[in-house]
Amino acid sequence: DRRDAFSRAGALASLAPFTSPAPPPLLQRSTSTTRTRAPSTSARSTSATARRPTSRAPSRSHRRYALNTALALPINAHGHRLVIVFFSRAMFLPAWRESIKTTLVADLSKAYQVDDRGLLQWALGMRVDYDRQARRVTLSGAGRIRELGELYGTDLRTSRKVSTPADAAILDLADGEPLTREGAERAQRLIGALIYIATTTRPDVAHAVYRCAVYMSRPNKRVWSAALRVLVYLLHSAEVGITYDGMIPGRQGLSAQSEGPAPAGEREIMQALSDANWEVARSITGYYLSLAGAAFAWAGKRQPSTALSSTEAETFAASAAAAEVLWARGLMGELGAPQLEPTTLWVDNKGAVAIANDRASVGRSRHIARRAHFLLEAAASGAIRLQWLSTSAMVADILTKPLDARRFATLRDTMMGQRGQQ
């Protein structure tokens with residue numbers, strides 16, 4: 001969760017699977033499980049190293065505590081909730097306030113040896129930076145990017161600087177010369193590493209990495225060159241990260257006519273933007289969800305079938321984004337931060353907006369009836385609200401096609417919460 005309330009205090013712990021006869025008191029009250037995509041960006045952290053206190057085998061319900069990715073735990077009578085995010089032997093504990101974290105650590109200490117490591121600074125290869133005065137949290141993958149540059153011998157002193165991860169040449173990678181077996185394996189390892197970076201801290205390279213990943217099973221020299229260009233771009237912009245602003249949860253509020261902030265009353269806590277690049281074959285869907293002024297979930301991928309019109313392509317993209325919004329709203333509710341108002345889904349195609357808001361339009365769009373009905377029902381339920389956004393302000397465009405340097409930089413800074421930070 002990227003809300004300010006969840007970025008005040010947290011914890012990081014290295015914890016062995018729960019194998020004691022009974023879980024600690026706070027864990028006994030777990031009532032639900034949640035899905036998570038990224039570690040907490042919270043401000044306080046604790047770490048623990050645990051040893052098994054007994055040799056008794058854990059019960060089935062007890063094992064689930066160790067296997068679940070995340071647990072939402074009510075921890076006191078005042079209704080506060082603590083989300084425990086597990087990853088292998090690591091545990092991230094964002095809390096509403098320091099006293100809640102202290103209470104949990106004290107209870108864990110009764111069953112495990114706890115080593116408090118203080119403020120969360122590194123997690124899964126991501127660096128967490130804090131600006132307490134401005135109340136901002138930034139996630140970056142600079143360390144992993146530089147390690148990747150060293151591994152592949154990329155020297156910035158001899159590499160030409162590029163301001164975008166890809167150009168128009170990335171649209172045609174199929175006819176490159178074949179690589180040797182060793183070269184193909186090297187390219188596959190690089191693309192795999194880029195996929196992790198693109199899905200954690202660098203959504204600005206998501207489209208370029210996707211284009212390379214299409215040829216993952218049989219990369220050629222063009223694919224190898226495109227992947228190297230992405231790496232060079234990342235090395236030149238290694239310090240760029242995703243910045244979440246706790247001062248204004250809806251800071252990125254958009255208006256239909258411009259890229260400027262919307263009036264205060266229109267600044268929803270969570271927003272979504274979807275776009276599509278209509279192509280001769282299957283079109284490309286791009287969307288992202290924004291919270292606290294930056295993206296926290298995003299995707300850029302090929303659509304399952306060929307669209308016969310731009311409206312159809314945009315409707316496919318909007319339905320994919322709507323499905324992600326429904327998941328995110330459910331997650332926010334489990335985290336104790338329910339979305340009380342419909343989530344605005346911005347689309348730059350008026351036909352797609354009409355389909356989602358007018359049942360009569362569905363009858364004229366029978367070739368995409370399932371997608372149209374899904375959007376219509378999501379809007380009718382009050383979960384989402386589709387609104388038109390001008391193409392010039394459509395930030396999700398960065399996830400569907402290569403762009404010129406100026407537009408790319410503008411959209412990147414907006415999506416990653418860097419606008420006004422430079």
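Before we start: two strands pair if DSSP finds at least two bridges between them. Keep in mind that this is a predicted model.

**Exercise 1. Work out whether β6 and β7 count as paired, and in which direction they run.**

Step 1. Look up the bridges: two of them join β6 to strand β7 (residues 126-131).
Step 2. Check the cut-off: pairing takes at least two bridges, so β6 and β7 pair.
Step 3. Now the direction: β6 and β7 run antiparallel.
Step 4. Pick out a bridge on the structure: Trp122 has Arg127 in β7 as its bridge partner.

**Exercise 2. Put the strands of the open sheet in order and find its edges.**

Step 1. The sheet has four strands, and reading across it you get β6-β7-β8-β9, with antiparallel pairing.
Step 2. β6 (122-123) and β9 each have a single partner strand, so they stand at the edges and one side of each has no neighbour in the sheet.
Step 3. Let's zoom in on the β9 end. Strand β8 (residues 136-140) is joined to β9 by four bridges, and these two run antiparallel. Across from Ile242 in β9 you'll find Leu139.
Step 4. What holds strands together like this? In general, strands of a sheet pair through backbone hydrogen bonds, either parallel or antiparallel.

**Exercise 3. Decide whether the two faces of β9 are covered or open.**

Step 1. Split strand β9 (residues 242-245) by side: Ile242 and Tyr244 are on one, Thr243 and Asp245 on the other.
Step 2. Recall the cut-off: a buried residue has under 20% relative accessible area.
Step 3. All four residues are buried, so both faces of β9 are covered.

**Exercise 4. Check the length of helix α2 and find where its buried residues sit.**

Step 1. α2 (residues 98-109) has 12 residues, and at 1.5 Å a residue it should span 16 Å.
Step 2. Compare with the model: the end C-alpha atoms are 16 Å apart, which agrees.
Step 3. List the buried residues of α2: Ile100, Lys101, Leu104, Val105, Asp107 and Leu108.
Step 4. Look down the helix axis. The buried residues of α2 fall within an arc of 160°, so they line one face of the helix.

**Exercise 5. Find the nonpolar cores and name some of their members.**

Step 1. The largest nonpolar core holds 88 residues, and Tyr288, Leu289, Leu345 and Ile384 touch the most other members.
Step 2. Helix α6 (residues 221-236) gives this core its largest share, 10 residues.
Step 3. There's also a second, separate core of six residues, including Ile84, Met91, Leu93 and Leu108.
Step 4. Zoom out to the whole chain: 52% of its 422 residues are buried.

Terms used. Residues are numbered from 1 along each chain as its sequence is written. This is a predicted model: local features need pLDDT of at least 70, side-chain atom pairs count only at pLDDT 80 or more; totals for chains, interfaces and linings use all residues. Side-chain values use heavy atoms; hydrogens and water are left out. Buried means under 20% relative accessible area, exposed over 50%, partly exposed in between (1.4 Å probe, protein chains only). The expected span of a helix is 1.5 Å times one less than its number of residues. The arc is that of the directions from the helix axis to the C-beta atoms. A nonpolar core is a set of buried Ala, Val, Leu, Ile, Met, Phe, Trp, Tyr and Cys residues joined through side-chain atoms within 4.5 Å.
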